[in-house]
Amino acid sequence: MQPEPPDERLASPGRRAARVWCVVLATCLAGCRYTEKPAKHFPPDKEPTLNITTSANASFSIDPNSRGLNARTRRLTIQSAVGETVAFELRLHGQSGTVHNLSMTVGRPVLGAEVAMPAVFRLFRVHSVAVGDSPGWYVRLIGRADRPSHVPDIVVPAGAPSGGFPATLIADESLHAFAELTVPPRTAPGVYTSVVTITAGSGALVEIPLELTVLPLTLPPIEAVSMLSRVDLSHLSGEKGAAVATETTRLLSAHGVSPLLTGVYPITQMDRADEVRIDWSDFDRVVAPLMDAADNHAAPAWCRIPLDDSHALGRIDHPDADPSVDQLVTRYLRECAEHFAAQGWIERSFVEVPCVDSPGDDMIGAIRGYSGLSRRADRRLKTLTTAHLSGVPERTWQYLARADVDGWIDTWCPPARFCDPDILPAAKTCWMTADRPPYSGTTDVTGNATFARVLPWQALRYGIESVIVGSATGFPTATDGEPTRNAELLYPGAPFGLPHPVASMRLKYLRRGMQDLAYLSLLDQHGLDHVAARLADTLVPYALTDAYDHHVADVRGIGWVRNERLWDDARRVAVDTLLHRIGYAAQGGRDGVSRGVAWENFASDAGRVHLFVEGVRVRPATELGRVRVACWVVIENLTPAVINGRLAFDGLPAGWQAVKPAQEIEHIAPNGRRRALLEAETGSVERHAGGTAAMNIAFHTHDGARRSTAARLCHIVALNIENELVINGDLSDWPIGAGNVASDFLPVSGAPPPTASAARDTRCLVARDAQRLYFGIHCAMPGEEHDSGRRSNIVHYEDMVPMGEDAFEILIDPTNAGTNAPEDLFHILVRPSGVVFERGIGTDPPIGSRSAWAADARYAARRADRSWTIEMSMPLIAFEIEPHAHQIWGINFARFDSDRQEYLTWSDARYNVYNPMSLGNLAFP
């Protein structure tokens with residue numbers, strides 16, 4: 001009998017590799033097979049399909065990759081612990097004709113022949129929501145091929161007056177059915193069976209057997225982490241509003257998310273003696289039913305103390321600024337504390353300190369003001385702020401020094417990108433505001449299932465007690481109107497004939513994440529905390545401030561496993577380990593060999609070693625007439641084991657020679673990374689089309705694995721010309737020489753390049769004469785020009801992406817020093833509507849020093865049916881360095897394609913084009 005997966009902290013890489021081979025050998029000798037592999041093992045052209053034809057000769061198919069569907073056996077198989085909510089889905093696709101009155105039913109699960117489960121499946125139809133312009137983080141991190149135009153997200157009850165069942169399915173359209181069931185307490189373990197019946201009209205088209213295995217496990221309540229979602233009650237008045245608020249809080253609580261009630265205030269008056277008198281009747285009529293709801297025990301509602309900028313007494317700029325106002329606020333807060341305590345709400349409330357736009361004295365004053373007054377009023381009142389501290393100020397945009405606010409706040413709840421539990425003042429509570437990838441997961445509809453599911457895991461991994469995930473609804477629009485893309489967790493029910501909101505799939509993914517934590521809690525209870533830790537380390541290697549690279553805006557990639565199948569595999573590993581620990585293996589659990597194989601398969605699939613090139617710089621070599629090419633390589637170990645290996649060029653072109661045969665890379669810790677330098681020399685850099693060439697690099701780990709990547713050598717020349725070019729926006733007179741054209745741009749997301757037919761023609765020509773440097777820019781556009789409606793010479797940066805109108809950027813470092821400091825760059829941003837010249841990058845908040853640059857440039861733009869072009873020239877002395885023969889500058893070009901919502905770069909800069917290390921090379925022959 002093989003024990004549960006051992007604590008890898010005690011195992012060396014060699015012992016781990018040996019154990020893997022022992023497991024495989026034992027599997028073969030025992031004749032056992034791990035048979036629960038996912039559907040990916042079916043070749044795409046061989047996958048079995050479920051095709052159904054109606055009596056009217058209309059036909060549709062069932063996607064074999066539907067969640068819970070075993071395409072080989074044509075059965076739905078799901079597994080659940082007691083107290084868990086599990087689900088399956090069926091995705092139907094119309095093939096021909098029109099299927100009318102399509103409906104679906106799910107029978108009550110039965111154990112054996114007679115014992116029926118008390119619970120029943122709840123059936124929904126999932127509608128898609130259109131995704132418009134992408135947020136900046138999405139453009140920066142996710143390739144276009146992975147961005148759907150529509151996302152199935154609106155979960156409508158099957159019995160809704162419209163948008164439920166029966167439905168109509170026409171050819172080339174899809175229908176998404178979703179069913180869930182919560183296994184009630186005291187349900188006997190075993191295999192329960194049922195049938196899913198799909199009908200059209202009065203006849204059954206297909207019956208799909210369903211098997212629900214109830215495990216001998218009961219999920220415990222989650223105590224370590226909670227999720228909160230803001231519910232603005234300000235527009236929910238009257239009977240209709242009360243019904244919406246009630247259903248909103250019920251939906252959130254049922255999915256393990258605590259409603260955070262805001263936006264409602266008691267009637268407050270001051271008498272002639274300046275005494276505060278509060279009428280709580282209207283406030284309690286709205287709030288009390290939501291705070292006291294019987295079904296809120298799993299995820300109880302919270303209520304913010306009704307004092308903020310919307311309240312007449314809530315505008316506090318600095319402590320003791322006006323003693324009379326301070327006295328009134330103190331009395332008001334004292335009344336709030338007494339009322340909340342009498343209602344039993346005081347432990348689920350806080351005074352929220354509003355954030356001001358800038359740090360420093362204003363922020364410190366607000367924190368001390370609110371905190372001081374609340375403590376003076378009643379020590380039971382807790383203060384919360386979303387402001388952030390910084391232990392390393394130079395790495396952050398805005399920060400508060402810890403000494404300035406130490407002891408003033410009870411709960412710190414900063415955005416994830418500023419959340420560092422290690423630097424909080426002693427004895428304070430750390431919460432987190434959900435942010436954007438890679439700092440945290442997100443409830444934005446653009447992410448896949450893992451983007452919401454990961455949030456509870458990130459909180460647990462970093463010791464975060466609660467996460468504020470954003471708003472539940474966009475009131476008042478949540479009660480009427482058409483659904484639109486948003487980050488709210490609920491949708492308006494009015495379009496479907498319902499008087500209350502409906503859930504999103506993202507809310508269900510959040511619940512799935514909370515249930516994952518329940519399994520980790522079970523592992524802890526059974527002395528298997530090392531298994532829980534390894535699962536968390538494997539699925540969520542890093543987040544929060546660990547996602548920084550060189551500074552807060554310079555990020556690593558997404559730090560969690562994005563393949564949803566692997567999250568389900570992790571749950572399966574946890575279940576098998578628990579069943580073995582409680583002695584259930586003989587009654588149907590997997591044997592030891594199969595469990596070992598399952599664990600190794602999961603660890604192998606989920607663990608990753610990333611290899612990418614941060615920059616390739618060309619500089620003169622010590623030997624006259626030769627150049628040296630330096631490749632800065634990053635090796636990232638996102639596996640649970642230490643790795644060692646050798647890094648080397650994997651074949652160099654003729655005439656090239658490596659400075660060193662290889663670099664030995666020792667001891668990269670789990671979730672660690674290492675930068676290494678490879679160098680090669682040659683007589684001259686060969687000119688390639690587009691100014692790019694590939695240099696292959698390989699990393700051989702000591703256990704025999706091999707990772708490889710291609711370093712993109714970007715090298716162009718400033719073509720020498722005799723006569724000054726006419727700057728009129730017309731590129732037809734531009735000279736094209738050997739190697740003075742930069743093209744073949746790649747997505748900054750690091751995704752595979754688009755196909756040739758999909759790629760936009762973007763190129764930049766470079767020339768020089770004795771006095772000036774010239775750029776000729778050509779940007780292809782679609783046949784009908786895309787008008788973003790946001791033309792402005794003011795650049796709006798969103799997550800280091802110049803969003804809005806189409807833009808082309810030129811970034812130059814004449815010193816070619818290859819630092820990581822954005823202020824070392826000369827930055828030119830070109831749009832059809834204007835040009836920006838600057839030293840450094842003008843992001844807001846700033847990422848470094850920035851100043852205007854008097855470039856003394858001449859430029860002209862021209863629009864055509866399918867392109868826009870710009871010619872530009874500037875004196876060489878504007879770069880504060882005089883180029884000479886054989887000198888090489890650092891240079892890069894980038895383009896934001898507003899039509900495709902894609903950010904492209906010539907030098908293959910990853911995630912951040914404003915890192916001088918990632919520039920290409922401009923030679924002055």
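This report walks through a sheet, its helices and several single residues of a predicted model.

## The sheet

Strands of a sheet pair through backbone hydrogen bonds, either parallel or antiparallel. Here, eight strands build an open sheet. Their order is β1-β2-β5-β12-β9-β10-β26-β25. The pairing is antiparallel. At the two edges sit β1 (50–53) and β25 (490–491). Each of these edge strands pairs on one side only.

Take the end of the sheet at β25. This strand pairs with β26 (residues 502–504) in the antiparallel sense, over two bridges. L490 has its bridge partner in β26: the residue A503.

A helix also meets this sheet. Helix α9 (residues 505–525) lies across β5 (85–96), β9 (122–130), β10 (150–157), β12 (174–182), β25 and β26. Relative to β26, α9 runs at about 65°.

## A helix pair

Two packed helices are described by the angle between their axes and the distance between the axes. Helix α10 (residues 529–539) packs with helix α11 (residues 564–581). The angle is about 175°, and the axes are 11 Å apart. An angle over 145 degrees counts as roughly antiparallel, so α10 is roughly antiparallel to α11.

Which residues make the contact? From α10 come V531, L535 and L539. From α11 come L566, W567, A570, V573, A574 and T577. By class, this contact has eight nonpolar residues, one polar residue and no charged residues.

## Unusual backbone

Most residues other than glycine have a negative phi, and most peptide bonds are trans. The table gathers four exceptions from this model.

| Site | Backbone feature | Value |
|---|---|---|
| F165 to P166 | cis peptide bond | omega near 0° |
| P437 to P438 | cis peptide bond | omega about 5° |
| M800 | positive phi | phi near 70° |
| Q901 | positive phi | phi about 50° |

Where do these sites lie? P166 is in the loop between β10 and β11 (167–170). P438 is in the loop between β23 (429–433) and α8 (449–461).

M800 is in the loop between β40 (796–798) and β41 (801–803). Is M800 buried or exposed? M800 has a relative accessible area of 6%. Buried means under 20%, so M800 is buried.

Q901 lies in the loop between β48 (887–897) and β49 (902–905). At 6% relative accessibility, Q901 counts as buried. Neither M800 nor Q901 is a glycine.

## Two residues and their contacts

G683 is in the loop between β32 (672–682) and β33 (692–701). Its relative accessibility is 37%. Partly exposed covers the range between 20% and 50%, so G683 counts as partly exposed. What does G683 touch, leaving aside its neighbours within four places in sequence? Its contacts are then G625, R626 and V627. V627 and G683 are 56 residues apart in sequence. In space, their C-alpha atoms are 6.2 Å apart.

T197 is found in strand β13 (residues 190–200). At 15% relative accessibility, T197 counts as buried, because the cut-off for buried is under 20%. Leaving aside neighbours within four places in sequence, T197 is in contact with S103, M104 and T105. T197 is also in contact with A204, V206 and E207.

How values were computed:
Residues are numbered from 1 along each chain as its sequence is written. This is a predicted model: local features need pLDDT of at least 70, side-chain atom pairs count only at pLDDT 80 or more; totals for chains, interfaces and linings use all residues. Side-chain values use heavy atoms; hydrogens and water are left out. Two strands pair if DSSP finds at least two bridges between them. Helices (H or I, at least four residues) and strands (E, at least two) are DSSP runs, numbered from the N terminus. Contact means heavy atoms within 4.5 Å. Axes are lines fitted to C-alpha atoms, for helices over the stretch in contact, and angles run from 0 to 180 degrees between N-to-C directions. Angles under 35 degrees count as roughly parallel, over 145 as roughly antiparallel, 65 to 115 as roughly perpendicular and the rest as oblique. Ala, Val, Leu, Ile, Met, Phe, Trp, Tyr, Cys and Pro count as nonpolar, Asp, Glu, Lys and Arg as charged, and the others, Gly among them, as polar. Buried means under 20% relative accessible area, exposed over 50%, partly exposed in between (1.4 Å probe, protein chains only).
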